[in-house]
Every structure is written in structure tokens, then in C-alpha cells.
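Work through the exercises below with the sequence and the structure at hand. Each task is followed by a solution in steps.

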Number of protein chains: 2
Amino acid sequence: MARTRLVVIGADAAGMSAASQARKRLGPDELEIVAFERGRATSYSACGIPYWIGGAVASEDQLIARTPEQHRAAGIDLRMRTEVVGIDLGARTVTARSLEDGREVVEPYDALMYATGSVPMRPQAEGFDAPGVYGVQVLDDGEDLIRELDSGRVERVVVVGGGYIGLELAEACQVRGLDVTVVNRSQTPIGTFDPDIGHFIADAVKNMGISLVFGHAATRVEVGPDGRACAVHTEDGQRLPADLVILGLGVRPNVALAEAAGIPLGASGGIAVDNRMRTQADGVWAAGDCVESWHRLSGQRMVVALGTHANKQGRVAGINLGGGYATFPGVIGTAVTKVCDLEVARTGLSEQEAETAGFCFVTASVDSTTRAGYFPGAKPIRVKLIAEKRSGLLLGAQIAGREGAAKRIDVLATAIWNSMSVDEVLGLDLSYAPPFAPVWDPVLIAARKAFEAVEADVRADARAQ
Amino acid sequence: MARTRLVVIGADAAGMSAASQARKRLGPDELEIVAFERGRATSYSACGIPYWIGGAVASEDQLIARTPEQHRAAGIDLRMRTEVVGIDLGARTVTARSLEDGREVVEPYDALMYATGSVPMRPQAEGFDAPGVYGVQVLDDGEDLIRELDSGRVERVVVVGGGYIGLELAEACQVRGLDVTVVNRSQTPIGTFDPDIGHFIADAVKNMGISLVFGHAATRVEVGPDGRACAVHTEDGQRLPADLVILGLGVRPNVALAEAAGIPLGASGGIAVDNRMRTQADGVWAAGDCVESWHRLSGQRMVVALGTHANKQGRVAGINLGGGYATFPGVIGTAVTKVCDLEVARTGLSEQEAETAGFCFVTASVDSTTRAGYFPGAKPIRVKLIAEKRSGLLLGAQIAGREGAAKRIDVLATAIWNSMSVDEVLGLDLSYAPPFAPVWDPVLIAARKAFEAVEADVRADARAQ
């Protein structure tokens, strides 16, 4: 049998998970693997960059799960600092350009793995592309930002956007002793949380000493006489002086190369893939932040940029590329973050998302403690559940609390994954001992209250008829 | 409609959950509720007693969720320090004796709620009923033990049995500065854990400075000239001097009264109940540590003494008693405990239990961290999974680790509850951010490894044919 050739574009989580899985199943005699990476690191944790900037992680080395040398030792022909600038689907070739010397090579492929990740959202408005405006996505961005912050000339930082990354970067700068302001279009940060949970997040940010300018979008970045960003302006006319501007508006899939080549995108803007991570272009596979995923509750296709999905999708693609069989079963929007000592997490649909998806629902929120109330170290936890009217099907969950609170979201994610009703959740045999939970775990109390809300709603409907 | 009369025997978790739920649905005009309690407290956390003894919980008041006065204010006729000594199923009466003055009354009932809890296992061997041998089950036991420990004449404590309660009490005594020895029949403590996880527990106990005498059962308690226990003897001939002996052999359902009355027990020794918590005696309901539950994986009936089940079962009984409809859906053996700073948890079947239930299975264990490896405060965690051969059905899970490890068992409990295969678990959308998990949560890594073990086993079978 002739040796086939797999070309991988992008050597981070998705690309190298795919390459490694394919290599595990097919040796160098059967499969040649060539991987192109624009940056200078492979298989690193982009999610860890804010903690590196804030100093909780000492060096970038700690963020790297697998080095180029380790990948090469596994028989992967890795071309670092080399950017793929074109794909010819008909000829089955890619054109790659060295970022060192500009030289281009054309490389044939039998199978192509597209794993280019995402790029920070950058408003089209004035000044957002000026020097001194930073988006943080890859390791080099982190290094650039740290160099800026270490220079001593930055005192005031304005973060545009109060999403996950925006808040993580705001906290990192605040920890470094800087004067930080976060500008956010909505009244509460991280728009995938309902406002009642979002308020906890806003309070936690404020309590850290970070200024919040909420409810008004940033309209432009003012550029100073030195050509660098010097202030952010908001739609209500505020001028926020800044020595440095950080973009925290989220990311969008990095699909320019795919679009140019004619690899079809989905309606969400990510690359359309099937359950095995095949694109609609023959021989081309894709995974990670650049693809769209299927939401198991709403049925919608959406882009979710998250390292854990990138790793799983890469693994799935790699197993299939290696001749095996695996599928990626979709997402339900689980996410977690920490803001100072506040832990927040969500899964399933928010109220807004549930409405958009056409569900009628009831909600229930409970305040409890992470351990038995009498046990030392018990911390507050609020659990909010969203349950479908009548059926009681669990549609969504959000948690805000202190240490030990947020990871409970995984129980609710597993319940949603299995289409459980809140009544069924209430029956779950969850672990109990005073150092770990009240005798009714907060998750169960919330399920009980949500079930009561479903029943009350049924009774109200019956009375109304 | 005539007012009906509910009599409750035992005013702790199960009994008072039932009474409260029934009261919520039926007012005093419709339902009269009389509750008898032998002790001097209602609705308290028996699980919290070891922490009260150890000093982490300052006073018994903190363990009481609801006082007699609160229950009375809700319209429950509560008779404290009154023991039910007989039930006449034909006449539908109970005979109750005051522990203050010995007077007996005969009270009629329409419905009877039997919630007498459990009693500590006490070997029939010599000396185990001597003064100075303590079982800890109710609040009064805790008070007695604290009085003994405060007396200053106790230096050496021997705990007989290394189950959950035995280890919690051993730690409580050790924290108080006493010389503690635990005697356990098996080589590893808490027999519901597989030995490979049990070794972590044994090490944690040892590291606290507690002596372990494992692999040999205690055969008798030696009684000193003062008539009190003074040493424990083991089957390999050791004599362990003791100023105080604590029983940690677990509990058995407190069913003497039910047996005498002719309320049928199940094969497990607990009271047989249906899904609505009805016993086989007309008009008699039961809940809590005294009943047997259905294990959803093995199909066996078993007694599980745990506050969380008692509360849920009491709620179910009370809803039904109040004219509503609710069922208790069974258990899957989820449990968690803390030994010094080691957290251990389990759910589903152990290897031994899976064998007994007739399953063939593979196992997989992984060592990971509770947070991203590079994130400050990341702690070790071991996850062990037991999966059915071929189907990959998740049969059981055990976790041992440090802070943040054990509560992850609830994800696996929810997965088992929903009959997920390890392959399906691997697809779960669990929360990820560096402060909360590695990019592959330890639960997912374990599922991946278990799935690989299932596949390897299938291949080995194919080759063998």
C-alpha cells in the first residue's frame, strides 16, 4: 500500500491531537505527517495565557504540553514559523511560506487537517487597529503584552469587552497593580449568563478594584501624538484614558484561508463539519476553534472556542484519519471561570437562548452552601435552573459561588446531556458528607425548587382553562 | 371529611421530612400529626457528630436543622423523650413510654410512619457491651463520648472497624491529641472501596499518626478491675490497651419494633418498602436508615444508611401521605468522605460488587490533577473506572485525591444513573478553565482510558476466536 500524506495546518490543540491520534494508529511507513505552524510553540494552553500575564503561572514553558521536539520524536515532520498561505483543493496542495526568510514551498496532501484556531474580535471602528491595542490569542500575544506591562510605562489599562477573556485579562492586569477599567456594552458581563447571575460577576469585578463602564459600548480608540492608543471613547461620550487597550470581545473562527480556498463555512461562520470532523471539501478535515459545533439542546450550529472541545475534536479527526471510527457528539455550552474568588459556571441554554430556541420554561434559584452549613469552610453557592414548562426537562443551569461551587455545573451538564427532567435530577444519588455538601446538595435543592415551579405552572394553567 | 391521624416513630431526618411534607399538603384540619422521639433533639445531622467530637463543629446546636419548637409551630404534636415500645397492626395503635416517668400511653393511628434509623453494629463477642465501649449514632452518644474525652482520663483510644464512621471518629480523637489505634479485619479500610484505592486511605490514616492494625479482626474486649473496657484483643493475638473503645463497624437497621409487630423485612434485613415507601403492612410507611433500598445497577436490595437518602425517602413518604404522588428511584451506592486532607469517593459497583452481580468488566485508573497542571493549587487526583466488557457500560467509579477531587464523583454517578457507556462519558461537555480542570478533565481522561481498555478487550477476544 502506498504511503499517504497528511498535512496539518496549525500545530496547537486540535491539529496536534489529530496528528498524534493518526500517528498512534498508523506508523511512518503508512502515513507521512507534515504540520505547519506559524508560531514558535506547539500544543500549548491558550487558556492559560491570562494567568501567565498575571503571574500565577511563572513561565510560558509551563503552558506547553508538548514541544516541537516531542512531536518530531513521534515522527511528525513539523515546520515551525511557517504559515500556510494557500490551499488548492483541486490539486490537493498547500502553499506554505517561511516567516523567517519568506520562501514558499508547495506541498501535496492526501488528507488535509485544518486547525487554524480563532482570532480576537476587533471592531471595525476607528483606532482599534492602532499600536497599543492588544488582542490575546496566541503565545506570542502573551509575550508581547508581558513585555509592554514590564516596560513600566503602562499604568492605565482599558479592557474593551467583559467576556471570559476580557475579565481574565482585566484581573491579570489588576493583580499586577495597574489601574484597570472594563468597558462592556451590556449591563452585566459575560453575556452568556443571565443578568441575575451576571450581577454577581459585576460585583466581584468591582470588589477587586476594577472600574466598570457597563451598558455602553466602546465606539473608538483615540490615538495619541506618538501614534499609539491613548484613550477609549464610549457611546455615551466618556473618554477613558489608557496606556494600553486590551480586546476582550471574544474571538471569531480563523477561516480566511479556508474561505479563499472554497472550503464551505456554516451559517455560524465556522467551518462546516460532520460528526467525524470532515468538511464538505473532499479530503479536508477540520477541528478546534475554527469549526462550528452542534448544540444538542437548541439544535443550532455555533462556534465555541474552547480548548477542551479542540482537543476532543482533534482526537476524533485523528482517529478517523488513522483509519478508526469516532464522532464528536456536539456541545451544550458548558463553561466556567473564576473572577477573583468568585466562581461562575453555566451549561445548557440561558433564558435568552431558551427563548430564541422556542422553549417555554420556568426558572428556580436557590442559595445554599458548598459544605454542610455547620462545617468549617462552607461557602455560599447560588444555583439557578431553567426547566421546560410541563415536561420539566432541564434546559440550562448557572452557578455562582465561592470555592467549591462552580464544578458542580458538571453534574447538571451530565443531566442535560441525558435529557433529564428536574424531577429526575432530584432523584440522583449524589455524594454526601458534611465536608462536601449539605445533606441536600445545592444541585438537588435547586432541582426540587424547579420541580415545584413546574408543578405550580401546570396547576396555574389548569386553573386558567 | 374526618380528620386522619398520622403517627411518626422517630423525629430525625426521615420521620420529620415525612411529617413536614405531609403537613405542607394537608393542614391541621385534615391531618393530625403525632411524632414520638426517644432522644432530646429533632432533625439533626448524625453525620456531623464526628466533627462535633473533633471540635470542627463548636456545639450540638449547629447540628440541629429544626428544633422541636419549630416542628410544633408547624402543627406537629411532638412527644420528646418518649419511646414507642409496641405497634398493634390490627388495632392500628402504638404504645409509647415516657423516658422521664415511665408512663405508657396507647395512641391510635390511621397512617404510621416508621423512621427509627439504625444502631451501631456491636459484635456478640466478649466485652463489647462493657462500659467504656461506645457506638456513636445519636446526639446523646456524641455528648456521652465528648464527656468521656473531656474527663481527662482517656489517653488511648482503640477504634474497632475502619469504615466511614470508624475513620471519622478516629480522626476526631486524633485531632484531640489522643493516641489512636484502628483495628480492621481487612487489609484496607472502608470495604466498599477496591483495595487499590483503599491503600490511599490507609496511608492517609497512617500519616495522621494513627496506628493501624489491619488484616485481623478484633476478637474481644478485655474488661479491667473497674468493670470498664481496658484493652482490645485481635485474632492474631495482639492486646491493644485502651482507655476507651469506639465501635466503627457500621450500622444495622433499627427494626426490632417492626419485627415484633410483624412489619415484613426484606432479605437485606431492612424494612421492605415499595417505591412510594409503603411497607407491606397496611397503613404503615417507612423511610431512612431502617429501610432497604433498591440498587439500580445490581438489582439487589440493600440497606444504605445515609442522611441524604433518609431526607429524600422521608420527603417521598410525606408527599404520598399528604395525598400527592412521589417515588424514591433507588440508589447507586454513591459515597464520599475525607480522611485528613485525602478525599475519597465512590459510586456504582466496586470490582467485588460487580463480580457478585455477574458482570465481566475492565478497569482503568488515571492519575491527573484537579486544576490545570500549571495552575497554582493543582492537586493530585486518581480516578478509577469499572466498565462492562463489550458494552463499555460504566459500572463503577472511585476517586482518591486532595482538595477538589472527590466531588467529581457526582458526574460519574449521574453518568451511571443514565446508563452511559465510557465512550459516551468521554463525549460529555464538562466545564473547563485552568483554575478548575486540566483541558481534559480527569473524569474524561479516565473515560478515554476505560474506553481503550474495552476496545483492547474486544480485540483480544477476536484474536482468541
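**Exercise 1. In which sense do strand 13 and strand 14 of chain B pair, and over how many bridges?**

Solution. In this predicted model, strand 13 and strand 14 (residues 229-234) of chain B run antiparallel to each other and are joined over five bridges. To locate the register, take Glu222(B): the residue opposite is Ala231(B), in strand 14 of chain B. Next, place the pair in its sheet. The sheet is open and has three strands in the order 13-14-15 (chain B), with antiparallel pairing. Strand 13 (218-223) and strand 15 (239-241) of chain B pair on one side only, which makes them the edge strands. From one strand to the next, the twist averages 25°.

**Exercise 2. Find the strand order of the open sheet of five strands in chain B, and name its edge strands.**

Solution. The order is 9-16-10-11-12 (chain B), and the pairing is parallel. At the edges are strand 9 (133-135) and strand 12 (211-214) of chain B, each pairing on one side only. The average twist from one strand to the next is 20°. Now look at one pair in detail. Strand 9 and strand 16 (residues 244-247) of chain B pair in the parallel sense over three bridges. Val133(B) has Val245(B), in strand 16 of chain B, as its bridge partner.

**Exercise 3. Is Asp341(B) buried or exposed, and with which residues is it in contact beyond its neighbours within four places in sequence?**

Solution. Start with the position: Asp341(B) is in the loop between strand 21 and strand 22 (342-348) of chain B. Then count neighbours. Asp341(B) has 12 C-beta neighbours inside 10 Å, and a residue is exposed if the count is 12 or fewer, so Asp341(B) counts as exposed. With the neighbours within four places in sequence left aside, Asp341(B) is in contact with Arg402(B) and Glu403(B). Asp341(B) and Arg402(B) are 61 residues apart in sequence, while their C-alpha atoms are 6.1 Å apart in space.

**Exercise 4. Describe the fold of chain A in overall terms: its elements, its extent and its burial.**

Solution. Chain A has 12 helices and 25 strands. Its radius of gyration is 24 Å, close to the 23 Å of the globule rule for 465 residues, so chain A is as compact as a globular protein of that length. Along the principal axes, the C-alpha atoms of chain A fill a box of roughly 70 × 60 × 45 Å. Of its 465 residues, 56% count as buried. Finally, consider the contacts in chain A with a separation of 6 or more: 64% of them join residues 24 or more positions apart.

**Exercise 5. How many residues does each chain give to the contact, and how are the two copies related?**

Solution. First, the count: chain B and chain A each give 47 residues. On the side of chain B that touches chain A, the elements giving two or more residues are helix 8 (307-321), strand 21 (335-339) and helix 10 (409-417) of chain B. Helix 10 of chain B gives the most, with seven residues. By class, this side of chain B has 31 nonpolar, 12 polar and four charged residues.

Second, the symmetry. A turn of 180° and a shift of 0.0 Å along the axis lay chain B on chain A with an RMSD of 0.0 Å. The two copies are therefore related as by a two-fold rotation axis. In chain B, the C-alpha of Val411(B) is nearest the axis, at 2.4 Å. Both copies use the same surface, since 100% of the contact residues of chain B recur in chain A.

Terms used
Residues are numbered from 1 along each chain as its sequence is written. Chains are lettered from A and ligands numbered from 1 in the order in which they are written. This is a predicted model: local features need pLDDT of at least 70, side-chain atom pairs count only at pLDDT 80 or more; totals for chains, interfaces and linings use all residues. Two residues are in contact if their C-beta atoms, placed from the backbone, lie within 7 Å. Helices (H or I, at least four residues) and strands (E, at least two) are DSSP runs, numbered from the N terminus. Ala, Val, Leu, Ile, Met, Phe, Trp, Tyr, Cys and Pro count as nonpolar, Asp, Glu, Lys and Arg as charged, and the others, Gly among them, as polar. Copies are superposed by least squares on the C-alpha atoms of residues with pLDDT of at least 70 in both. The radius of gyration is taken over C-alpha atoms; the globule rule is 2.2 Å times the number of residues to the power 0.38. A residue is buried if 20 or more other C-beta atoms lie within 10 Å of its own, exposed if 12 or fewer, and partly exposed in between; C-beta atoms are placed from the backbone. Two strands pair if DSSP finds at least two bridges between them. Axes are lines fitted to C-alpha atoms, for helices over the stretch in contact, and angles run from 0 to 180 degrees between N-to-C directions.
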